[in-house]
Amino acid sequence: MPPLNPIFANLSTSIFEEMSLLARQHAAINLGQGFPDDPGPADVRQKAAQAVVEGWNQYPPMMGLPELRSAIAAHYAAHQNLELDPERETMVTSGATEAIAGALLACIAPGDEVVLFEPAYDAYLPLVKRAGGVPKFVKLRPPDWRFDLAQLKAAIGPRTRAVLFNNPLNPAGCVYDAADLAVLAKALEGTDAIVIADEVWEHVLFDGRKHVSVLAVPELRTRSIKIGSAGKIFNLTGWKVGFVVAEPSLLKVLAKAHQYITFTTPPNLQSAVAYGLAKPAAHFDAMRDDLQARRDHLANGLTQAGFAVLPSAATYFLNVDLGPMGLDDDAAFCRRMVAEAGVAAIPVSAFYADAGMRSTIRFCFAKKYETLDAAVSRLVDNASRLLAARA
């Protein structure tokens, strides 16, 4: 075989692929993969179907349909009090991961340093390396997953070109507020680093919390790229419709990267998302309330099964601390759990570059109640064996 790019050729099998394969082999309930098991809002899906039959199916504008770009600006004005120029500050991408890849390619050159917060979404590190970036890590720890100014200052240096910041944070399920963003702004004073803000979970917050975007912080407004996801907003993860928002000089370069990655996104999905973004606030409140109830349902069940459940302020995920059980190998425990109890979860160590944190596992609660109940029943039935074992 001819030599291939070592960044990808040397990557190990994704933990998501491994756990999903094990789930199939053992007929397990899969609470590892992060997607809902319902079809999503019917009216939004109907708009997409109507648009594909009756609408335009050739190339849409590279920057996105004007109706969607206007809807993005209007949506963020209504929900986050952001003033945006839809023509000069918004762009549509084929999912948030494409947007992140494009932002990295546009913002960094080989040898530039990129600050990553761990645990980190698994695509971040390969994309940083593929763009030629040098990763610098800020390690976050349970139960609160917070950072401070000293941590940031230690990671930020004269070669720092970008900070990749995920808020709310997957897989930790924590939310960073205005005070946290002020710390980030303070750490970046005197640098020309760009903040690439992955804010895809911006609508999936619980217990009355409100999302604060980097674009709402004056010190960060002109140096930040905000990335959103229709898939997360509408629980339609397969649609892969992303949003990029940045001030005009940044967006101009981001658009060039996007042009040579996917160029555009299916127009029928764009039309449907434009419709969905204009839905009343009550729709988004109901979505959050429903997911919050599922979070609480699974948390109660996991507690009943003997697990130490960590707080979850956002996302689709609950984390469990294995430390009280005397376990320090989350990957090994997940493999045992899927084989012996028939329930699949994800070891959070997979979200660290060096797997240094090995005592936390992640469950997805964005599932039907009967699915959650069946998983809890299996864990309760096998609790004595699972909780007594040592990795």
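**Figure 1. Strand β3 pairs in the parallel sense with strand β5 (residues 160-166) over four bridges.** The model shown is predicted, so local features are given where pLDDT is at least 70 and side-chain atom pairs count only at pLDDT 80 or more, whereas totals for chains, interfaces and linings use all residues. Residues are numbered from 1 along each chain as its sequence is written, and side-chain values use heavy atoms, with hydrogens and water left out. Strands (E, at least two residues) and helices (H or I, at least four residues) are DSSP runs numbered from the N terminus, and two strands are said to pair if DSSP finds at least two bridges between them. E113 of β3 stands opposite T160 in β5. β3 also pairs with strand β4 (residues 134-139), again in the parallel sense, over six bridges, and E118 has K139 of β4 as its bridge partner. Between β3 and β4 the chain passes through helix α7 (residues 124-130), and this β-α-β crossover is right-handed, a term for a path from the first strand over the helix to the second that runs clockwise when the strands point away from the viewer.

**Figure 2. Strand β3 (residues 113-118) is mostly covered, with six of its six residues buried.** Buried means under 20% relative accessible area, exposed means over 50%, and partly exposed lies in between, using a 1.4 Å probe and protein chains only. In a regular strand the side chains alternate between the two faces of the sheet. In β3, E113, V115 and F117 are on one side and V114, L116 and E118 on the other, and both faces are covered.

**Figure 3. The buried residues of helix α12 line one face of the helix, because they fall within an arc of 160° when seen down its axis.** The arc is taken over the directions from the helix axis to the C-beta atoms. The buried residues are L250, L251, L254, A255, A257 and H258, and what covers them includes α5 (86-89), β2 (90-93), α6 (96-107), β6 (194-198), β7 (224-229) and β8 (242-246). α12 (residues 248-259) has twelve residues and reaches 16 Å from its first C-alpha to its last, close to the 16 Å expected, where the expected span is 1.5 Å times one less than the number of residues.

**Figure 4. Helix α6 is mostly covered, with nine of its twelve residues buried.** The buried residues are A96, E98, A99, I100, A101, G102, A103, L104 and C107. The end C-alpha atoms of α6 are 16 Å apart, which agrees with the 16 Å that its twelve residues should span at 1.5 Å a residue.

**Figure 5. I225 is among the residues with the most contacts inside the largest nonpolar core.** A nonpolar core is a set of buried Ala, Val, Leu, Ile, Met, Phe, Trp, Tyr and Cys residues joined through side-chain atoms within 4.5 Å, and the largest one here has 130 residues. The others with the most contacts inside this core are L68, F165, F243, M337, F363 and L379. Leaving aside residues up to four places away in sequence, I225 touches A103, C107, I194, V195, I196, A197, V244, V245, A246, L250 and L254, contact meaning heavy atoms within 4.5 Å.

**Figure 6. An open sheet of four strands has the order β9-β10-β13-β12, with antiparallel pairing.** The edge strands, each of which pairs on one side only, are β9 (308-309) and β12 (346-347). β9 pairs with β10 (residues 317-321) over two bridges, and V309 stands opposite V320 in β10. Five bridges join β10 to β13, and the bridge partner of D321 in β13 is T360. Two bridges join β12 to β13, with I346 opposite R362 in β13. Strand β13 (residues 360-364) has five of its five residues buried, so it is largely enclosed by the rest of the structure; T360, R362 and C364 point one way from this strand, and I361 and F363 point the other way.

**Figure 7. H75, which lies in helix α4 (residues 66-80), and D177, found in the loop between β5 and α9 (178-187), are shown with residues distant in sequence.** H75 counts as buried because its relative accessibility is 2%. Not counting residues up to four places away in sequence, H75 touches Q80, H203, L277 and F284. The C-alpha atoms of H75 and G276, 201 residues apart along the chain, are separated by 9.7 Å. D177 has 39% relative accessibility and therefore counts as partly exposed, and its C-alpha atom is separated by 8.4 Å from that of K210, 33 residues apart along the chain.
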